[in-house]
Amino acid sequence: MMSIGAISSGLSGLRSAQMALDVSAHNIANANTAGFKPQTIQHQESPTGGVSSSVSAPQAASQAAESGTDLATETVNSLVYKHQFGINAKVIQTADQNLGTLVNIKA
């Protein structure tokens, strides 16, 4: 059923956006840590629909080096992930409404 697939895809998008926000928050929180290398997130389209994500944590640099966190990039990424979260929530809401309409029609 199309609505159930849309809900599943929306949920995977919510999880992916949340993970990305967590990574960005972690990077920002450690921006002043000497030798910190920011984590990165990779998103992969799932063959069955939706998305899966994974986090890469690079090995730490020497303590003498500056943090590798770019605050401008992390700020922009946080805004993008926030909007991704909202869009996926809207997909779930719309699919739920459509599913409710189908149930009402069949009843």
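This passage walks through a predicted model of a protein, from its overall layout down to a few single residues.

Let's start with how far the prediction can be trusted. The mean pLDDT of the protein is 86, and 89% of the residues come in at 70 or more. Confidence also varies from element to element: strand 1 (residues 40-45) has the highest mean pLDDT, at 92, while helix 2 (residues 71-106) has the lowest, at 87. Where pLDDT is low, the coordinates of a prediction shouldn't be read in detail.

Now for the overall layout. The protein is built from two helices and two strands, and going along the chain from the N terminus, their order is α-β-β-α. Of its 107 residues, 23% count as buried. The accessible surface adds up to about 7100 Å², and carbon and sulfur atoms account for 59% of that. As for contacts between residues at least 6 apart in sequence, 68% of them link residues that are at least 24 apart.

In the middle of that order sit the two strands. Strand 1 and strand 2 (residues 51-56) run antiparallel and are joined by six bridges. One residue pair shows how this works: Q44 has S52 in strand 2 as its bridge partner. The two strands form a hairpin with five residues between them, and here G49 takes a positive phi near 110°.

Just ahead of the hairpin on the chain, there's a proline to look at. P38 lies in the loop that runs between helix 1 (2-29) and strand 1. Setting aside neighbours within four places in sequence, P38 is in contact with N27, P58, G68, T69 and E74. There's also S67: it is 29 residues away from P38 in sequence, yet the C-alpha to C-alpha distance between the two is 8.0 Å.

Last comes a serine in the second helix. S78 is located in helix 2. Is S78 buried or exposed? Its relative accessibility is 19%, so S78 counts as buried, because the cut-off for buried is under 20%. What does S78 touch, once neighbours within four places in sequence are left out? Its contacts are L21, S24 and I28. With S24 there's something extra to see, as the side chains of S78 and S24 are joined by a polar contact of 2.9 Å.

Key:
Residues are numbered from 1 along each chain as its sequence is written. This is a predicted model: local features need pLDDT of at least 70, side-chain atom pairs count only at pLDDT 80 or more; totals for chains, interfaces and linings use all residues. Side-chain values use heavy atoms; hydrogens and water are left out. pLDDT is the predictor's confidence in each residue, from 0 to 100. Helices (H or I, at least four residues) and strands (E, at least two) are DSSP runs, numbered from the N terminus. Buried means under 20% relative accessible area, exposed over 50%, partly exposed in between (1.4 Å probe, protein chains only). A polar contact is a pair of N or O atoms within 3.5 Å; within protein, one must be able to donate a hydrogen and the other to accept it, and residues adjacent in sequence count only if both atoms are side-chain atoms. Contact means heavy atoms within 4.5 Å. Accessible areas come from the Shrake-Rupley method with a 1.4 Å probe; for residues, only the protein chains shown count as cover. Two strands pair if DSSP finds at least two bridges between them.
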